[in-house]
Amino acid sequence: MKYRDLFFSLLFFSTPSVVFGACSVANLTRCLDSVCAINIGANPAARCQYCGDASAGEPAKSSAMKTISAGASAKYTISDKELKKAPKDPGERYVWATKQCLEKLKDCSSDDVSDNYDSLIEQSCKAAGISADFANLAQKVNKEKSKTSCSTEISSCLVNEKRCNADYSKCESDSDFDKYFSECSVLSTGCESYTKEIRSTLIASRDNAVKNADEILNNIVLAYQKSRETKLKNIQDGCKDSTAKKKCIAMVCNNNMRHKCELGFEYEETLADTLCKFYDTACNRLK
């Protein structure tokens, strides 16, 4: 799941809400499903593909596709019109869905999302034969984090285009920098022990970025390019001799089939092959 680390920092945009009443897990799940579980009846991997892991492939396109919220109250679901704004990247879509649903369900928090919905995404990934590491999907806000993790979280939050921007162009003044840094520090709970040191480091980065904006931006572009190339190579390696698909089938047989696809139960392997078809689609696109 190496590709997930590109978006783990996005989780910090979903601010935990102040809980005045009990969160309705049913309504929260219904809301998240309207973004992350489209056509799940025909595609068990839907939650994984929409809001889980990029390695699960893209969801199948169908003119008959309907959201999970069809017929449900619009009060707790995301409308088709709103869904047009949803990001395509699974990690970004997960964060977007969390933000939208927490706005609709004021009694729920980001903890409620991670505690109740991450397991559903994990099950979806397992159904598709994806061995997912969900440590990056939901970090517990009440757990002390490492200095490196905190630095990454706060930095990623700070250089978002709505705050300082990647080149710190919106934070050239100390007052603007302090305003956004304070906001990101609050979002990155569990980092209180490192805030002062991280601020000093980021102030130095800000000063350097302002002086060397062009060089910083070029480095960012090269870093993303290298990351994309690495991801592509990893995927291509998995497509060689259908290695990735074979692993998928073996995992589905072992985890989800009663008879483990043993001799005499070939229909189970056929079903596992169908669940892993997305590998064929993904690999054909890379040829």
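Here are some numbered notes on this structure, which is a predicted model.

1. Let's start with the overall fold. The protein chain has 12 helices and zero strands, so to speak a run of α after α when read along the sequence. Of its 287 residues, 40% count as buried. The accessible surface comes to about 15900 Å², and carbon and sulfur atoms account for 52% of that. If you take the contacts between residues at least 6 apart in sequence, 69% of them join residues at least 24 apart.

2. Next, the cysteines. How many disulfides does a search of the whole structure find? The search turns up 10. A disulfide is a covalent bond between the sulfur atoms of two cysteines. Three of the links are picked out below, in points 3 to 5.

3. Cys31 and Cys101 are joined with an S to S distance of 2.1 Å. This pair ties together distant parts of the chain: Cys31 is in helix 1 (residues 25–36) and Cys101 is in helix 4 (residues 90–104), 70 residues apart. The link is left-handed, with -95° about the S-S bond. Both cysteines, Cys31 and Cys101, are buried.

4. Cys164 and Cys171 make another disulfide, with S to S at 1.9 Å. The angle about the S-S bond is -85° here, again a left-handed link. Are these two cysteines buried or exposed? Both Cys164 and Cys171 are buried.

5. Then there is Cys248 with Cys276, a disulfide whose sulfur atoms are 1.9 Å apart. Cys248 belongs to helix 10 (residues 243–256), while Cys276 sits in the loop between helix 11 (266–275) and helix 12 (278–285), so the pair links distant parts of the chain, 28 residues apart. Its torsion about the S-S bond is about -85°, which means the disulfide is left-handed. Cys248 and Cys276 are both buried.

6. While you have helix 10 on screen, check its length. The helix has 14 residues and reaches 20 Å from its first C-alpha to its last, close to the 20 Å expected at 1.5 Å a residue. Cys248 has buried company in this helix, including Ala244, Lys245, Ile249, Val252 and Cys253. Note that a lysine, Lys245, is among the buried residues.

7. Ile154 is worth a click. It is placed in helix 6 (residues 147–158). Why does Ile154 count as buried? Its relative accessible area is 0%, and the cut-off for buried is under 20%. Leaving out residues up to four places away in sequence, Ile154 touches Phe181, Cys184, Ser185, Ser188, Cys191, Ile198 and Leu202. Thr189 is 35 residues from Ile154 in sequence, with 9.9 Å between their C-alpha atoms.

8. Phe181, one of the Ile154 contacts, also has an aromatic partner. The structure holds three aromatic pairs. In one of them, Phe177 and Phe181 are stacked, with 5.9 Å centre to centre and 10° between the planes. The two are four residues apart in helix 7 (residues 174–187), so about one helical turn separates them. Both Phe177 and Phe181 are buried. Phe177 has a charged neighbour too: Arg206 lies over the face of its ring, at 5.5 Å from the ring centre.

9. For a contrast in geometry, look at Phe265 and Tyr267. This aromatic pair is edge-to-face, at 6.4 Å centre to centre and with 65° between the planes. Phe265 counts as partly exposed because its relative accessibility is 26%, and Tyr267 counts as exposed because its value is 54%.

Technical notes. Residues numbered from 1 in each chain as written. Predicted model: local features only at pLDDT ≥ 70, side-chain atom pairs only at ≥ 80, totals over all residues. Heavy atoms only, no water. Disulfide = S-S within 2.5 Å. Buried < 20%, exposed > 50% of the residue type's maximum accessible area, 1.4 Å probe, protein only. Contact = heavy atoms within 4.5 Å. Areas by Shrake-Rupley, 256 points an atom, 1.4 Å probe, with all protein chains shown as cover. Expected span 1.5 Å × (residues − 1). Phe/Tyr/Trp six-rings, centres within 6.5 Å; stacked < 30°, edge-to-face > 60°. Lys NZ or Arg CZ within 6 Å of the ring centre and 35° of its normal.
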